[in-house]
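Trainee: I would like a close look at one part of this model, the side of one chain that touches the other. Please also place that part among its surroundings.

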Amino acid sequence: MTFSRFHFFQGAIFVMLGILGLGLFGTQVVRGHYYRELSQRNHIRLIPLEAPRGRVLDQKGRLLATNRASYNVIAIPEDVTPEVYPRLAKLLNMDQKEIRRRMSGGREYPFAPAVIRKDISQELAFLIEERQPELPGVSIRTEGVRSYPYGETAAHVIGYIGALTEKEYDQLDRDRFGMNSMIGRAGIEKSFDDQLRGWRGGEQIEVNARAELVRVLSERKPEPGRDVRLTVDLEFQKRIMEMIQGVHASVAVMDLQTQGLLAMASSPSYDPNIFVSPSSSEQRLAVLKNEGFPMLDRSVSAAYPPGSVFKLVTAIAALERGKITPQTRFVCNGSFRLGPKSKMAHCWYREGHGSINLYEALERSCNVYFFNVAKRLSPEDIAYYAHELGLGEPLKVEVARIAPGLIPDEAWKQQRFHQPWYQGETLNMAIGQGYVLVTPLEILRLTAIIANNGRVVQPHLVIQDPEDPLDGPRVAIREENLDVIKKAMLQVVESNYGTGQLARVDFEKLAGKTGTAQAPPQKSHSWMTGFFPYKNPKLAFVVFVEHGGSGGVTSARLVKKMLEIWKELNVTPVV
Amino acid sequence: MLRRLFRGIHLPLVFSVLALAMIGLLFIYSASYRDAGQYEVKQLFWIAVGLAVLVGVPWIGYRPFLSISYLFYIVTIILLAFVDFLGSKHLGAQRWLDLGPLSIQPSEFAKLGTMLAVVNFLGSHHPWEGQTRTVATALFLLAVPFMLIVKQPDLGTALLFIPMSIVMLYLWGVRKRFLFTVFGSLALAVPLAWEFLKGYQKKRLLVFLNPNLDPLGSGYTALQAKIAVGSGGLWGKGYLAGTQTQLHFVPEHHTDFIFCVIGEEWGFLGSLLVLCLYGALFHAIFLIMQHTTDVKAKLLCGGVLALLFSHVMINIGMTFGLMPIAGLPLPLVSYGGSSFIMTCMALGLVLSVYRERSIF
């Protein structure tokens with residue numbers, strides 16, 4: 001170490017300490033007066049600005065969720081003088097205590113504005129603005145408030161938003177969430193919250209002793225959230241909702257080209273607007289207590305026994321495992337007995353279907369045929385192909401609260417009931433009864449996979465970059481077997497013995513499968529799924545009516561109506 | 001016996017330490033007496049422990065510390081790596097290691113551990129023989145803890161390594177050309193490092209350059225801290241009478257922003273008093289440096305000085321906008337056990353240099 005290095009170091013340290021002292025002198029003595037003034041009653045206010053939430057549009061750009069302007073009464077409690085309370089209480093028709101309670105409620109930092117009342121009328125807002133001199137600390141802020149112009153039409157798809165809880169607020173990024181921020185609670189609003197939500201801004205303002213704005217010191221503009229565009233066709237969705245008004249039902253229609261859902265309707269529905277406006281708490285309660293569970297999205301959040309629709313799976317399993325060929329015949333005389341001591345199981349058609357092959361068995365939905373098939377299969381065989389076709393597998397559709405269905409097997413039963421699997425249960429499983437549970441959208445996906453010749457399908461709601469439909473993973477099912485199933489599905493509708501002939505439309509050939517799932521003691525659940533047209537299919541669909549009775553009647557009629565609506569909306573008549 | 005124990009005590013240095021600790025205690029109380037937590041009582045305990053360390057270390061002497069420095073270095077590296085995987089999240093960064101009721105901040109130890117290892121290494125090599133290799137090894141020793149602390153992420157502490165390294169290398173006798181090349185290329189690497197910074201760190205640096213960028217977050221803190229210090233004026237608002245800090249405009253005001261409370265309540269004169277006490281402390285260290293002939297001892301004193309000085313500079317500078325908002329304590333004044341004891345330990349090493357001074 002040299003002498004000069006040491007002294008240079010020593011000098012540098014004391015020079016920098018001197019700079020520090022000079023800086024403090026400048027801040028505290030030279031500019032001290034200015035800061036002293038700012039600090040008295042603290043004249044700096046920080047006003048957070050919420051970012052406008054992105055909108056939700058349908059495929060044609062129609063607004064499903066948007067923002068309307070609302071007037072909110074805010075107050076900075078530190079600026080409010082005691083005589084303000086009675087005046088404000090009178091203007092807002094509120095209790096003084098309530099106003100005080102809201103003022104002392106949780107705030108993000110000192111001098112942060114507290115929200116006294118949201119969404120007041122324009123007249124009242126102007127009145128308060130006019131009387132501002134008498135109301136120090138109180139002001140009106142215009143903010144966007146969520147609005148769903150079509151109410152119940154696509155409520156389960158769009159979802160709704162709600163206020164943050166204190167716990168959530170503590171864990172979230174302050175740049176995006178304020179204490180009064182809203183967050184998506186269901187549907188697209190929830191799963192796309194990050195995209196719909198923008199970035200908060202704010203202004204630092206200097207106010208005078210009477211809490212009036214002197215100048216804006218600095219400002220950060222809020223960044224609005226991005227819009228989300230859905231694959232849903234609003235008009236189609238609306239007509240379908242009208243069609244299933246009054247019944248507990250779900251209808252979902254998918255475009256096979258894009259794999260986007262054109263409609264996903266669940267009835268009964270609710271008006272998401274009631275979750276936005278604080279004044280509609282009674283309506284909220286009514287919705288939550290309603291025995292029809294309008295909040296429940298019957299398309300994805302509830303699982304039901306599939307009934308005969310499941311015979312498609314059993315047929316595929318038997319064909320793939322080589323247990324039958326399409327021409328394998330069994331005789332149906334109306335009933336079936338597994339062993340000499342077993343209980344008699346009946347076909348829905350008590351007179352019996354006679355000797356039939358696989359096509360006829362699917363066309364007429366013969367139970368006895370599938371009992372015979374089930375005798376040759378293990379529950380694992382059926383479960384394997386059910387999973388292969390997406391049953392009991394997670395869906396990637398962009399709504400929250402997806403409940404997967406249930407595909408039982410021996411291991412599952414052992415774990416759940418600590419009991420072995422009985423062969424009779426395989427019979428039940430083969431016709432979609434017993435433990436099997438599916439959601440309507442899972443059935444839609446199954447049909448779409450069949451219609452797409454075995455390519456894996458992921459129904460979705462938000463427009464995505466188009467993928468090559470001929471590319472992508474396939475299920476482990478041979479195409480020739482799927483062709484058999486497709487042909488049988490055509491017969492279901494087009495044959496005069498078919499269970500789905502009520503769905504027949506006169507403009508194109510339809511393929512489908514009905515299902516009537518027993519749900520004692522009430523009426524059976526009614527199902528129909530299918531794809532359309534038979535050649536070069538464009539649509540896949542599922543119709544489900546809770547306790548709707550026979551699939552071939554209730555659901556088939558709805559399918560016909562739905563296809564007619566689709567034609568009306570999409571096929572321009574040739575003049 | 002007592003005379004022998006205190007023979008090696010450099011009184012001006014100990015006096016500055018005591019005075020700063022007392023000022024700290026006063027203002028920890030002022031900053032937090034309205035909150036639960038009894039920070040001043042806890043701090044009193046830490047001061048007692050710290051003073052014991054301050055007196056105890058010279059009694060052992062600095063040489064034993066240097067001889068186990070590599071071991072100490074390795075232990076701190078392991079602790080740091082441990083924090084990265086097991087540390088508890090505190091204010092969004094993993095800096096603390098929970099050991100039952102005690103939580104320690106290994107980055108505090110890492111500063112001292114690294115310094116001792118580098119001092120020992122540089123002191124054992126002559127600057128005129130194979131300088132390139134020596135410097136490269138020293139820089140490697142510095143870089144490992146540096147990267148680990150950056151990863152935590154504790155950018156403030158990590159940046160302290162830079163002045164510390166410069167000072168130690170400079171006093172050791174590195175060629176100036178070398179110093180310029182290494183730290184010049186470091187400066188060029190800044191845009192690259194930018195990519196690795198966490199969002200909030202980028203924001204802090206940007207807001208440092210222009211506080212108006214973020215009026216909601218750091219910009220607000222920066223402005224309120226400035227108002228707090230500035231509003232103290234020449235005389236201050238009086239002890240316990242600060243409004244800015246008492247109303248919680250300034251966050252963490254008993255730890256990192258303690259100087260805001262001092263500046264507001266005791267004004268410029270109080271600030272000057274604190275600065276002068278630090279000046280006295282640094283001066284004492286310089287005197288001790290001058291009176292030793294051991295290269296390692298000189299490097300050790302230089303490193304300690306650089307470290308303390310950077311803390312003071314950044315901590316006080318950030319309250320009035322000279323420096324970015326970094327989560328660094330004001331040594332000896334801020335609330336906190338790890339920081340106080342480590343500072344006392346570092347100063348204890350300096351005192352032991354004084355105790356073994358050459359008399360001439």
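Mentor: What follows starts at the contact between the chains and then moves outward through each chain.

The model is predicted. Across the interface, 34 residues of chain A are in contact with 44 residues of chain B. On the chain A side, at least two residues each come from helix H1 (3-30), helix H2 (32-39), strand E1 (44-49), strand E8 (201-207) and strand E9 (213-220). H1(A) gives the largest share of that side, 14 residues. By residue class, the side of chain A that touches chain B holds 15 nonpolar, eleven polar and eight charged residues.

H2(A), one of these contributors, has buried residues at Gly32(A), Tyr35(A), Leu38(A) and Ser39(A). Viewed along the axis of H2(A), the buried residues occupy an arc of 125°, so they line one face of the helix.

The three strands on that side, E1(A), E8(A) and E9(A), also belong together in a sheet. The sheet is open, has the order E1-E8-E9 in chain A, and pairs its strands in the antiparallel sense. E1 and E9 of chain A are the edge strands with a single partner strand each, so one side of each has no neighbour in the sheet. Ignoring direction, neighbouring strands here are turned by 25° against each other on average. Six bridges hold the antiparallel pair of E1(A) and E8(A). Within E8(A), Ile205(A) is the residue opposite Arg45(A).

Another group of paired strands in chain A is built around strand E3 (residues 63-75). Strand E2 (residues 56-57) runs antiparallel to E3(A) and is joined to E3(A) by two bridges, with Val56(A) opposite Ala65(A). Five residues lie between E2(A) and E3(A) in this hairpin, and Gly61(A) in the turn has a positive phi of about 85°. E3(A) is also antiparallel to strand E5 (residues 138-147) of chain A, through ten bridges. One residue pair between E3(A) and E5(A) is Arg68(A) with Val145(A). Four bridges link E3(A) to strand E4 (residues 114-120) of chain A, again antiparallel. There, Val73(A) has Arg117(A) as its bridge partner in E4(A).

Further along chain A is an open sheet of five strands, in the order E12-E11-E19-E18-E17, with antiparallel pairing. Its edges are strand E12 (261-267) and strand E17 (511-517) of chain A; each has a single partner strand, so one side of each is left without a neighbour in the sheet. From one strand to the next, the twist averages 5°. Strand E11 (residues 249-255) of chain A runs antiparallel to E12(A), with six bridges between them. In this pair, Val251(A) has Ala265(A) as its bridge partner. Helix H19 (residues 479-494) of chain A packs on the sheet, where H19(A) touches E17 and strand E18 (525-532) of chain A and makes about 70° with the direction of E17(A). Helix H20 (residues 551-570) of chain A lies across E11, E17, E18 and strand E19 (539-545) of chain A, at about 40° to E18(A).

Chain B, on the other side of the interface, contains 14 helices and three strands. Of its 360 residues, 50% are buried. For contacts in chain B between residues at least 6 apart in sequence, 71% join residues at least 24 apart.

The largest nonpolar core has 127 residues; among those that touch the most other members are Val118(B), Met168(B), Ile258(B) and Cys301(B). With neighbours within four places in sequence left aside, Val118(B) is in contact with Ala138(B), Leu141(B), Leu142(B) and Met168(B). A second, separate core has 120 residues, including Val228(A), Phe370(A), Val457(A) and Leu482(A).

A single residue of chain B completes the account. Ala158(B) lies in helix H8 (residues 155-172) of chain B. It has 21 other C-beta atoms within 10 Å, and the cut-off for burial is 20 or more, so Ala158(B) counts as buried. Beyond residues up to four places away in sequence, Ala158(B) touches Phe146(B), Ile149(B) and Val150(B). Ala143(B) is 15 residues from Ala158(B) along the chain, and their C-alpha atoms are separated by 9.8 Å.

Notes
Residues are numbered from 1 along each chain as its sequence is written. Chains are lettered from A and ligands numbered from 1 in the order in which they are written. This is a predicted model: local features need pLDDT of at least 70, side-chain atom pairs count only at pLDDT 80 or more; totals for chains, interfaces and linings use all residues. Two strands pair if DSSP finds at least two bridges between them. Two residues are in contact if their C-beta atoms, placed from the backbone, lie within 7 Å. Ala, Val, Leu, Ile, Met, Phe, Trp, Tyr, Cys and Pro count as nonpolar, Asp, Glu, Lys and Arg as charged, and the others, Gly among them, as polar. Axes are lines fitted to C-alpha atoms, for helices over the stretch in contact, and angles run from 0 to 180 degrees between N-to-C directions. A nonpolar core is a set of buried Ala, Val, Leu, Ile, Met, Phe, Trp, Tyr and Cys residues joined through C-beta atoms within 7 Å. A residue is buried if 20 or more other C-beta atoms lie within 10 Å of its own, exposed if 12 or fewer, and partly exposed in between; C-beta atoms are placed from the backbone. The arc is that of the directions from the helix axis to the C-beta atoms.
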